[in-house]
Amino acid sequence: MPERILLTVDGLQVEAESGDTILKAAQAVGIQIPTLCYHDYCTSYGLCRLCVVEVEGVRALQPACVSKVSPGMVVRTTSERLRRLRRTLLEMLASTIDLSDAPDVQALLVEYQADPQRFPDAELRLSTLLDDNPMFIRDYSKCFLCWRCVQVCGEDVQFTFAIDFSNRGYQTRISTFFDKPMLETTCVFCGQCLEVCPTGALKPKRLWLLEAGRTPDEIMSLTPSGRRGAP
Ligand code: SF4
């Protein structure tokens, strides 16, 4: 049976269960901590660090999505130090990734008064758009490596393992094994990765064609229907 734990978040007394994360405990009392890589249905790994918070008595900032609550813990989710850190993280992201299809991140840029031009010499992570199957396109210029697509394709949902990280450091990206076209992988086109992608890096082919100005008739002729026997 989980133990009930009392802690303080932004001055509010919060009751949580042992094993809960700081993020969950804060959400339970209506305090929203900003996140990028976090998704309710994916395992958290604290990759993006946007959700870091201050915990009294702990020198290093703690990622709220993976840090567990403890009795008497005192947490601050907003402060000048946190605002500066989050603003800089968002500015670094905006300097290297095409965020034009990521409305939630754009809203955070506004909220944290981030300047997308702050690092003018940063190198954009450009990638060729991959249109190698009839169901969805992949535009990794828009990918900020949240890892959600890999998680739902793998152990969090589908156990298909069609995609994973490849390379290291700045060259890290999402890829199929040996960069094979999607049709030559284990992908079953379940669409789970499209559902969790927050940036438009993965997009249904029909939506992409619509945005490109194709007519509905053209789109139907270029993409198969999911229903057997339907046009
Ligand atoms: S493609 Fe989308 S879901 Fe996958 S890592 Fe990139 S941003 Fe995240």
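Colleague: Which residue in the turn of the S1 and S2 hairpin has a positive phi?
Modeller: That's aspartate 10, with a positive phi of about 50°. The hairpin leaves 2 residues between S1 and S2. Keep in mind that this is a predicted model.

Colleague: Okay, how many bridges join S1 to S2?
Modeller: There are 6 bridges, and the two strands run antiparallel. S1 covers residues 4–9, and S2 covers 12–17. For one pair you can find by eye, look at leucine 7, which stands opposite valine 14 in S2.

Colleague: Which way do S1 and S5 run, parallel or antiparallel?
Modeller: Parallel, with 2 bridges joining them. Try threonine 8 there: valine 74 in S5 is opposite.

Colleague: So in what order do the strands sit in the sheet?
Modeller: The order is S2-S1-S5-S3-S4, which makes an open sheet of 5 strands with mixed pairing.

Colleague: Why do S2 and S4 each have one side without a neighbour?
Modeller: They stand at the edges of the sheet, and each has a single partner strand, so one side of each has no neighbour there.

Colleague: And where do the side chains go in a strand?
Modeller: As a general rule, side chains in a regular strand alternate between the two faces of the sheet.

Colleague: Let's do S3 next. How is S3 joined to S4?
Modeller: By 2 bridges, in an antiparallel arrangement, with S3 at residues 52–55 and S4 at residues 62–63. Valine 52 has proline 63 as its bridge partner, while valine 53 is matched with glutamine 62.

Colleague: How many residues lie between the strands in that hairpin?
Modeller: There are 6 residues between S3 and S4, and glycine 57 in this hairpin takes a positive phi near 85°.

Colleague: What about S3 and S5, how do they run?
Modeller: Antiparallel, again with 2 bridges, and S5 is residues 74–76. Here valine 55 has valine 75 as its bridge partner.

Colleague: Back to valine 52 for a sec. Buried or exposed?
Modeller: Valine 52 counts as buried, because it has 24 C-beta neighbours inside 10 Å and the cut-off for buried is 20 or more.

Colleague: Which residues does valine 52 touch?
Modeller: Leaving out residues up to four places away in sequence, valine 52 touches Leu61, Gln62, Pro63, Ala64, Leu82 and Leu85. You can also check valine 52 against threonine 78: they are 26 residues apart in sequence, and their C-alpha atoms are 9.6 Å apart in space.

Colleague: Zooming out, how is the chain divided into domains?
Modeller: Into domain 1 (4–78), domain 2 (84–124) and domain 3 (136–222). Where domain 1 and domain 2 touch, each gives 5 residues to the contact. On the domain 1 side, those are 4 nonpolar and 1 charged, with no polar ones.

Colleague: What distance separates the centres of domain 1 and domain 2?
Modeller: 23 Å, taken over C-alpha atoms.

Colleague: And the whole chain, how many helices and strands?
Modeller: The chain has 7 helices and 9 strands. The C-alpha atoms fill a box of roughly 60 × 50 × 35 Å along the principal axes. Of the 231 residues, 33% count as buried.

Colleague: Which residues touch the most other members of the largest nonpolar core?
Modeller: Ala64 and Cys149, in a core of 57 residues. Ala64 turned up earlier among the residues that valine 52 touches. Cysteine 149 is in contact with Ile163, Ile174, Cys193, Val196, Cys197 and Leu202, setting aside neighbours within four places in sequence.

Colleague: Which residues are closest to the ligand?
Modeller: Cys143, Cys146, Cys149, Cys197 and Ala201 are the closest of the 14 residues around the ligand. By class, the shell has 12 nonpolar, 1 polar and 1 charged.

Colleague: Last one: where is asparagine 167?
Modeller: Asparagine 167 is in the loop between S7 (163–166) and S8 (173–176). Its phi is positive, about 65°, although asparagine 167 isn't a glycine. Aspartate 179 also has a positive phi, near 55°, and sits in the loop between S8 and helix H5 (192–196).

Colleague: Is asparagine 167 buried or exposed?
Modeller: Exposed, with 9 other C-beta atoms within 10 Å. Aspartate 179 is exposed too, with 9 other C-beta atoms within 10 Å.

Terms used: Residues are numbered from 1 along each chain as its sequence is written. This is a predicted model: local features need pLDDT of at least 70, side-chain atom pairs count only at pLDDT 80 or more; totals for chains, interfaces and linings use all residues. A nonpolar core is a set of buried Ala, Val, Leu, Ile, Met, Phe, Trp, Tyr and Cys residues joined through C-beta atoms within 7 Å. A residue is buried if 20 or more other C-beta atoms lie within 10 Å of its own, exposed if 12 or fewer, and partly exposed in between; C-beta atoms are placed from the backbone. Two residues are in contact if their C-beta atoms, placed from the backbone, lie within 7 Å. Two strands pair if DSSP finds at least two bridges between them. Helices (H or I, at least four residues) and strands (E, at least two) are DSSP runs, numbered from the N terminus. A residue is near a molecule or strand if its C-beta atom, placed from the backbone, lies within 6 Å of it. Ala, Val, Leu, Ile, Met, Phe, Trp, Tyr, Cys and Pro count as nonpolar, Asp, Glu, Lys and Arg as charged, and the others, Gly among them, as polar. Domain bounds come from an automatic or database domain assignment.
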